[in-house]
Each structure stands twice: as structure tokens, then as C-alpha cells.
Amino acid sequence: MPGQQEQHSRSRAAQEWESPGYESPLPVTEQSNPLSRDIDRAGPGQIVRVLQECDAEVFQGDLEPDSQYKRLYSESVVQTLKKVAERVNAILKDPEDCLIVLSGCGTSGRIAFLLSNTFNRILARHQQRPVYSYIIAGGDRALLTSQEAPEDSPSLGAQVLKETCVGKKNVLFIGITCGLSAPFVAGQLDFCLNNLDTFTPVLVGFNPAHMARNEPIHGWPHTFRQVTERMLDMLETQRAFILNPVVGPEAISGSSRMKGGTATKVLLESLLLLGHRAAHTHREINHQAILDCIRAYERVHEITYSKIEDLAGVVGKAGMSLQKQGHVYYLGWRTLGVMGIIDASECVPTFGADPWDIRGFMSGGFSEMNNKDGNLSSLGPEFSIDHKDFMDNILPSLGEHDTVIFIFTVDDDFGDVEKLADQVKLKTSNVQAICHEHRGHSFPTKVNDIFLSNILKINWIPPAGDADDSFFMRLQWELSTKWMLNAISTGAHILKGKVYKNYMIDLKVTNSKLYRRAIGILQRFTGCSWMQGERALLKALYRVEELSEEMATADVSRHTRAANMSDRVVPTALVVLQTGCSVSQAQAQLSECPVIRDAVEACLTSVCH
Ligand code: F1P
């Protein structure tokens, strides 16, 4: 249970961001969290404590009876979970010509992929054919690398959905967009709303409906909010559903991979698990069963963060590696390997990181990954994800500045772990383990000989009995691992100086949401107008002192395409706005100061001229 002091600071923070008008007009998912305002100045232990508190907000009940926001445990959310779980049950009982599609962009699409595979595996255990399919904007390459641009296309979303559902007569479509914002998902929901005979749309996100994104979508007649409003009109008749509890602002503002990804996993796994239990073991889908499921995940939060000291140790090591231009490598087994790959892939757009800074590998590579398009390794070196690739390409040049983190469970081949660890230890002493066991089934004692004190081991209460309960255990291990890896990669980038206050100051502006977020950051820190912020951003992005007519009037999509080519765009624009210097002077100033946070801070407090 959280300590009293922690609960107080959390309640105070929640009261702050729950108060009307807090950081208006930003939706909750884009706001900055009062709990993490000083996270950029914290050491590893404090970073993890702040993340623990922010993550705990996911499970917080209503603080005030008349709170403007519904939360995970709110009655209306539980009711919707129940209704959607009943739809899942109905499909599983009569799956002919049916499909359950999970879709999203970035992290939301990666969670869609993970869940679709997990629940198809559960079906296979029951000798049932797969019923789930996933869609991720940008296709399978977006599972491993940041592909932010397709997120902006509603027509692409609708087209992929149509293709996925050819020949199906009954489709439960679950569209995930944490900010209620992705045009790709808007296009899919709109397609469903126009074809309600076949489709039942479910929107999952973490803002109230009135905060759904309302700016025009290029080349499309609706906004996300208008689509949401059409869905609201259909809630009564249960032709559409919206699952949108508020989980509070992210610890790193707007980084929906963190709480947004977590809440997506908790909500969807809860409803899918209950649907499966009803279909396979005739257990009732009721209020209590839903609460029990969510509570089990809340307990995972407590257990995971009870390892704060150990986790802070790994964060410190990973931070040191990045500070010294070294790397962090995750070597995972099965779905925990996928968790590592997902976590690593998100660092590029979030922190402006180099794709090689933090990388994930998994045993079996693509054959284990089980993605639609199979082996993608021919697409380039960042698509090499097998342990074998790590051995061939990374191990020879591995050194003391690198951190290697093994991620496995008691169900994995321990001999395999040992063999790989022995090789890695010849190259670096910085070898860590994150591993899960449960009472009655624990690791051999030699696990301690291999990893010495560098082992973060969690001992769980064993699963109750049947095979589905073992699956539930694995889902909890995944969530626990997600929290730990998010803490490691976020903490390491904070220690490297990639975060200013609680903002990802060096984000890549590769889609319209990130473009707007970047201008918002410039406005916040310099007090400039929207137009001034946008002009400075564009100058930094095109690296020009004056914008041509074409640049100034081009569509946002042209700018976001160009953003792929430029570095340190937001910090450069900040320096330009704050000091009035030229773009080239700002770039020169930043290149002299390798730590972005310090450069930005110096500029904002006018220490440097
Ligand atoms: C989708 C998303 C994020 C990613 C980045 C850009 O957001 O791709 O997963 O980290 O912030 O947007 P959403 O549609 O789930 O709000």
C-alpha cells in the first residue's frame, strides 16, 4: 500500500490538475503533471519514485464525488467494460465470419499487436481459430521503428480496416488513441459508423469526450471530436462504445507510451479476459469480476515498485551508459522480448534519441514475434531483432560503457539465458537481469552466480489453477516489465539531459500532433504567440534564416516530412525565440553544449548570450 505521505502528495497533485481550467485548453493527455515538475533534476531513486506516483494515478478512484473526470474504477467505465466484454463473449461463442480488430498508432498500435497475438494464442489453446487481428498505422515496420506520418491519414486508416475485414459480417472494432486524437483512427471509426450493420466501434482513450481533438484534419471533412460526438449519440443504443477514463497527465508531458499504454493494456486485457472466461469456462461477466481484474493489475503496480531501490540501480547504470555515449541493450525472451523492443522503439520520437542508443532483441526474432508480415530484417539493420543478430552484430563491439539487460521469466529456457550471459560478461561487467518467478516455481540458485547483485527478481503469487490463469500471470509480468523498462529508458534519457522540467524538449515533430505539441512547448517557455512559435519552429526545421513563401504557406504534412531530416529542432527554435539570435548561431550554441537540458535552461534563464 502507498505510504501516507505519498498519498497526500498524489492527492494534492491530482487536485491541481483536476481543477477546472488547469492548463486550459490542453487536454489531460497533453498537460504537464505537477508530480513530475522537477524530474529533470532528480537522481535515479527520485526519478523512479516520481514515476511510481504518476503511474499510481492510473488506478486512483474519484477524489471528489463531483469530480469532472471519470476514472478507471468509475461505475460508468466498469459498466462499459462489462458491455464490451459481453460482445467479446458473444463473438467467441459464435465466431463464424466474425473479427475483433484492435487498431492504433505508435504505442497504441504496438499494444494492439501484443493483445491480438496473446488472445489468439489463448484461443489456440482452446482449439479455436484466431478471431483477433491488429492494425498499426504504417504497417508492421511501425512495430519496431517510429513511423509517425501515417497517423495523420484518416483515409489510410479506413482503407486498411476495410481490407482487414473483407468477407466478415460481424466486426468488433477497438480503436485506440490515448489523446482521442489520431486521424488514422478517426477515419476507421467513421468507416464503422457508416457501416453499423457489420461494425461495432469501440473508442479507447484517456481524455473526456469534450477534449477530443477538434482541429481540422487535412483533406477530410470531420474532426476527431465530431466523430466522437457521433459515437456519443449511439451509446444509448449500444451501437458504439467509448472507454475513456482519465488517468492524469503523463510524467513526461504528452508521452502517452507511459500511462496511456499502461491503461490501454489494463482496460483491454480486463475486458478480453472476462469475455474469454465467460466463453470458455462459463464464468459470469459482472461488476465484481471486472473490479477484481483491475485490482490485480493495481497490485502489480505495488509489487513492481516495491523494488524501487533495485530499479533505481538499473536506471542509474543505463543513464551512465547514455551519458558516456554507450548503449542500452534489452535481451528478452518471448513477449517480454517484445516489451523490450517496443520500449526501445519509442525513444526515438520521444527523446530525439538515436535508434542505436537503446535497442531491443528477442529470442527467436521474427518467428517468435508472430507479426503479420513475417521477417522484416531485410528492411535494414534496425529490423534485426533476434538474439542471434545481437551476437553477430553487437557483441563484437560491446564495451564497458554499454548496459545489457536480460529480461526473462521462470518459464523460459534458463540454459539459454546462461549461455548468452556468459558471452556478454566477457565484454562488459554491466550486465543486469529483470526476471519473474513465482512461489513453487523459482530460478535455480545459479541465477545469482550469473548476475551477482545485478538482479531485479520479482517473486509472484502463483497463478490459481487453469491455463488461462497462467496467461493472466504472463500479462501481469508484461505490465510489470513495461513499467520497469519505461522507467529505465525514461530515467536514462532524463539523466542524459534530454528532458527539460517534465517536457521532452527534443521531440521529433513528425506528425501534426507532435508539430502542435512543439509549438505549445515554445509558447509555454518563451511566452511567444502561436504564429511566432510556428515561424521559429519552421526556420529551425528547414535550417534557414528566412522562410520562403513556399515554406511559410506549405501544409503541415510537408513540414512533418521534412522533420525527419533535422535534429534539435525544438531546442534551436527555443534559443532563436529567447535570444533573438540567428538559426545558425543557435545551432552553434547548442552544439557547444552537449546536454540539451543545460543549454535550454541556460538560454531561458539568460545565463548564456
Ligand atoms: C499515438 C502516438 C504515440 C507516440 C507519439 C505519437 O498517440 O503514435 O504512441 O508515442 O506520441 O502519437 P495516440 O493516438 O495513442 O494518442
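User: In this predicted model, why is C435 called buried?

Analyst: The model is a predicted one, and in it the relative accessible area of C435 comes to 0%; because buried means under 20%, C435 counts as buried.

User: How do you know which class C165 belongs to, buried or exposed?

Analyst: The relative accessible area of C165 is 5%, and since the class of buried residues takes in values under 20%, C165 is buried.

User: Why is C165 not counted as bonded to the closest cysteine sulfur?

Analyst: The closest cysteine sulfur to that of C165 belongs to C192 and lies 7.5 Å away, whereas a disulfide requires two cysteine sulfur atoms within 2.5 Å; the distance is therefore too far for a bond. Under this rule, the number of disulfides comes to zero.

User: What makes S363 a buried residue, and where does S363 lie?

Analyst: S363 sits in the loop that runs between β7 (358-362) and α14 (365-369). Its relative accessible area is 11%, and because the cut-off for buried is under 20%, S363 is classed as buried. With neighbours within four places in sequence left aside, the contacts of S363 are G332, W333, R334, E368 and H387.

User: R334 is among those contacts; why is R334 called partly exposed?

Analyst: R334 has a relative accessible area of 32%, and as partly exposed covers what is neither under 20% nor over 50%, R334 falls into that class. R334 is part of helix α12 (residues 334-345), and its phi is positive, at about 50°, although R334 is not a glycine.

User: What class does R568 have, and what is notable in its backbone?

Analyst: The relative accessibility of R568 is 25%, and since buried means under 20% and exposed over 50%, R568 counts as partly exposed. R568 is not a glycine, yet has a positive phi of about 45°, and its place is in the loop between α22 (556-562) and α23 (569-579).

User: What makes the peptide bond between S24 and P25 a special case?

Analyst: The bond that joins S24 and P25 is cis, with an omega of about 5°, and P25 lies in the loop between α1 (4-18) and α2 (44-56).

User: Which residues are closest to the ligand, and what polar contacts are found there?

Analyst: The ligand is surrounded by 14 residues, of which the closest are S108, T177, C178, G179 and K513. A polar side-chain atom of S108 is 2.7 Å from an oxygen atom of the ligand, and a polar side-chain atom of T177 is likewise 2.7 Å from an oxygen atom of the ligand. In T107 it is a backbone N or O atom that lies 2.9 Å from a ligand oxygen atom. These values can be set against the cut-off for a polar contact, which is within 3.5 Å. Of the 390 Å² of accessible area that the ligand has on its own, the protein covers 95%.

User: How do you know that the chain, taken as a whole, is as compact as a globular protein of its length?

Analyst: The chain has 25 helices and 12 strands. Its radius of gyration is 23 Å, close to the 25 Å that the globule rule gives for 609 residues, so the chain is as compact as a globular protein of that length. Along its principal axes, the C-alpha trace spans about 70 × 60 × 55 Å, and 62% of the 609 residues count as buried.

Methods: Residues numbered from 1 in each chain as written. Predicted model: local features only at pLDDT ≥ 70, side-chain atom pairs only at ≥ 80, totals over all residues. Heavy atoms only, no water. Helix = DSSP H or I, 4+ residues; strand = E, 2+ residues; numbered from the N terminus. Buried < 20%, exposed > 50% of the residue type's maximum accessible area, 1.4 Å probe, protein only. Contact = heavy atoms within 4.5 Å. Near = heavy atom within 4 Å. Polar contact = N/O pair within 3.5 Å; in protein donor to acceptor, adjacent residues only side chain to side chain. Areas by Shrake-Rupley, 256 points an atom, 1.4 Å probe, with all protein chains shown as cover. Rg over C-alpha atoms; globule rule 2.2 N^0.38 Å.
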